[in-house]
Amino acid sequence: MSDEPVEVVAMGKKSRCPDHIPALKAIKKIKRSTFIVADIEAALYDDVHVPCVVGFLVVKPGEDLASKSEYYIETYFSEDNDFSISDFKKRSERMMLDFIEHLAAVIGKYSFQTVMRKHKMYELKVYRGNEKKKLLFRIRDSYLLLPAALNNLAQDLCPKLGSKGTIPYEKLRIEYLPEIGQQLLAYLKQDIRLLGGVMLKAQEIYWNLYKIDIVDTITLSSLALSIFRMHYYDPKSWPIHIPTRNQERFIRRGYYGGHADVYKPYG
């Protein structure tokens, strides 16, 4: 038998998919997008964390959040609901429904679409209408884009907004909510303000350096790949090939059951 490596060829019809990762063209976007930051706190009820307060803030590029009144931060508190609802979970549901109904009053009929990977939701898209759907906004986890503690990010990116507040976590139980309600709302508002400031500054940095709006990416890795493909990747000289299914299976079988790496001696 020959010791020469055997070429692995694609089987069947020629695929319409590209054989390498294409570069990204510079976007035609001329300005950064407005976005919404939101936060939610939960109280312990029957050993389950149940939402008790939620809020959001609309953030526009170039805004000075330090001078923006807290009245622009809209909040909902479960204990502000009718106490004829004796069950806390139902009051929590009523709070969330009030929030959803507020959006429904603005956007009318709407539908949802999720982006899921391995039982983890990366994005929730909200559309207006059912047939001719128009994308209204996306809900994402900011930690997937900026994976660091909020207080540390705020100190580095927007120190003038102050530091993250504190709440007595041992009192995050339904029996203490009337007592700590105002403190909890103040804590939530400061978190929302800090998150807005962090996202606003990060958006400005990446836009000025790479003309990429971070609100168009879901995770930090997708942001890094977008920057690479748009500014540094040369598919003509150094293409990153996409293996066919047959090639991918061949490579995977080579790794299955043990190490099959190639090491080049150095020195």
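Which residues are linked with E123 in a network of salt bridges? I would like to start there this morning, with the reminder that what we are looking at is a predicted model, and the answer is that E123, K125 and R140 are joined in such a network.

Let me take one pair from that network in a little more detail, since the side chains of K125 and E123 meet in a salt bridge with an N to O distance of 4.0 Å. E123 is buried, with a relative accessible area of 2%, and K125 is buried as well, although its relative accessible area is 19%; because the cut-off for buried is under 20%, K125 falls within that class at 19%.

Turning now to the salt bridges in general, the count for this model comes to 11, and I will pick out two further examples.

One of them joins the side chains of K68 and E63, where the N to O distance is 2.9 Å. Here the two partners fall into separate accessibility classes, in that K68 counts as buried at 16% relative accessibility, while E63, at 25%, counts as partly exposed.

The other example sits in helix α6, which spans residues 245–255 and contains both R252 and E248. These two residues are four positions apart, about one turn of the helix, and their side chains meet in a salt bridge with an N to O distance of 2.6 Å. R252 counts as exposed, with a relative accessibility of 57%, whereas E248 is partly exposed, its relative accessible area being 28%.

I would also like to draw your attention to E204, which is found in helix α4, residues 177–210, and which counts as partly exposed at 29% relative accessibility. What is the C-alpha to C-alpha distance between E204 and R32 in space? The two are 172 residues apart in sequence, and their C-alpha atoms lie 8.1 Å from each other.

Finally, a word on the cysteines. A disulfide is a covalent bond between the sulfur atoms of two cysteines, and in this structure the number of disulfides is zero. Among the cysteines, C52 counts as buried at 0% relative accessibility, and C158, at 7%, counts as buried too.

To bring the discussion back to where I began, the network to keep in view on the screen is the one that links E123, K125 and R140, in a predicted model with a count of 11 salt bridges and zero disulfides.

Key
Residues are numbered from 1 along each chain as its sequence is written. This is a predicted model: local features need pLDDT of at least 70, side-chain atom pairs count only at pLDDT 80 or more; totals for chains, interfaces and linings use all residues. Side-chain values use heavy atoms; hydrogens and water are left out. Buried means under 20% relative accessible area, exposed over 50%, partly exposed in between (1.4 Å probe, protein chains only). A disulfide is a pair of cysteine sulfur atoms within 2.5 Å.
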